[in-house]
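Please walk me through how to read cysteines and charged pairs in a protein model.

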Amino acid sequence: MNGYVELHCHSNFSLLDGASHPEELVTRASEIGMSALALTDHDGLYGAMRFYKAAKAAGIKPIIGAELTLDGNQHIILLAKNNEGYSNLCRLITKAHLDHSKGSPSTAFSSLAEHSKGIICLSGCRQGEVQSLVLDGKTEQAEIAAMRYHDIFGQDYFIELQNNLCPGDERLCMRMLQLAEGLGIRCVATNDVHYACRDGHRLQDILVCIKNSVTLDRSGSVRRPNSEFYLKSDEEMSSLFPKYPEVLCNST
């Protein structure tokens, strides 16, 4: 078994975004020797039971989570540590759906503090609040935002680093590392998985086109720029973060 565990992973229950069934993700994780895997679909736990059963059958530890949309359309990853965390995650998701129109769930920041026990929080992708502020050059505001989350989740809050070989990824990772080190917050690497294997990117492109009502030849602005968003092995992830092995170790 290797050391790296993927903590940001979408199945086809991230509707019109994820391209692999939960079982396919588990099979891939087993093939590359991953000891545990998180499922973090958008604003829902629809695939959690299928994922849990498949992971248990494969001898892989299932980690139940979700990528929530916060007010302001910012994203954040929440992972249940235990039964209390799972209950709180369910409450947050239910409230997000009940308080907003169908198909547009959103979680208020204040709700996080009310239901934070038993939950690990990752800062999310480029649509996360902290990352967005860093990308906009608003470092001081990004630090304030990061500390707001840290005040809620304490040592269970991590700055998320992603290097999908997209333009600007390495620079963003460096800036996020510097911010985290200055605040005493740990970092963790993820790959923002949207399909089990590399060849799944073609289907994912089509799903995104359907979601955005555009054709493939006009979808450049909404599709992901490459095929790197698959479930990668410890060796593949290590090659992306050669100077910072601790961000891989922090995933376990």
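The dialogue below takes up disulfides, burial and salt bridges in turn.

Q: What kind of model is this, and how are residues numbered?
A: This is a predicted model, in which local features need pLDDT of at least 70 and side-chain atom pairs count only at pLDDT 80 or more, while totals for chains, interfaces and linings use all residues. Residues are numbered from 1 along each chain as its sequence is written, and side-chain values use heavy atoms, with hydrogens and water left out.

Q: How many disulfides does a search of the whole structure find?
A: A disulfide is a covalent bond between the sulfur atoms of two cysteines. The rule used here asks for a pair of cysteine sulfur atoms within 2.5 Å. Searching the whole structure gives 0 disulfides.

Q: Why is C121 not bonded to C125?
A: Their sulfurs are 12 Å apart, which is too far for a bond, and C125 holds the closest cysteine sulfur to that of C121. For C166, the closest cysteine sulfur is in C173, at 11 Å, again too far for a bond.

Q: Is C121 buried or exposed?
A: Buried means under 20% relative accessible area, exposed means over 50%, and partly exposed lies in between (1.4 Å probe, protein chains only). C121 is buried, at 0% relative accessibility. C166 is buried too, with a relative accessible area of 15%.

Q: How many salt bridges are there?
A: Side chains of opposite charge can pair when their charged atoms come close. A salt bridge is counted when a side-chain nitrogen of Lys or Arg is within 4 Å of a carboxyl oxygen of Asp or Glu. The count comes to 10 salt bridges. One of them joins K95 and D99, at 2.9 Å from N to O. K95 is partly exposed at 36% relative accessibility, and D99 is partly exposed at 46%.

Q: Which parts does the salt bridge between R148 and E129 tie together?
A: The closest N and O atoms of R148 and E129 are 3.2 Å apart. R148 lies in helix α6 (residues 139–153) and E129 in helix α5 (residues 129–135), so the pair ties together parts 19 residues apart in sequence. Helices here are DSSP runs (H or I, at least four residues), and strands are runs of E (at least two), numbered from the N terminus. R148 is partly exposed at 32%, whereas E129 is buried at 13%.

Q: Where do E228 and R198 lie?
A: E228 is in the loop between α8 (201–212) and α9 (234–240), and R198 is in the loop between β6 (187–190) and α8, 30 residues apart. Their side chains meet in a salt bridge of 3.0 Å, N to O. A network of salt bridges links R198, E228 and K232.
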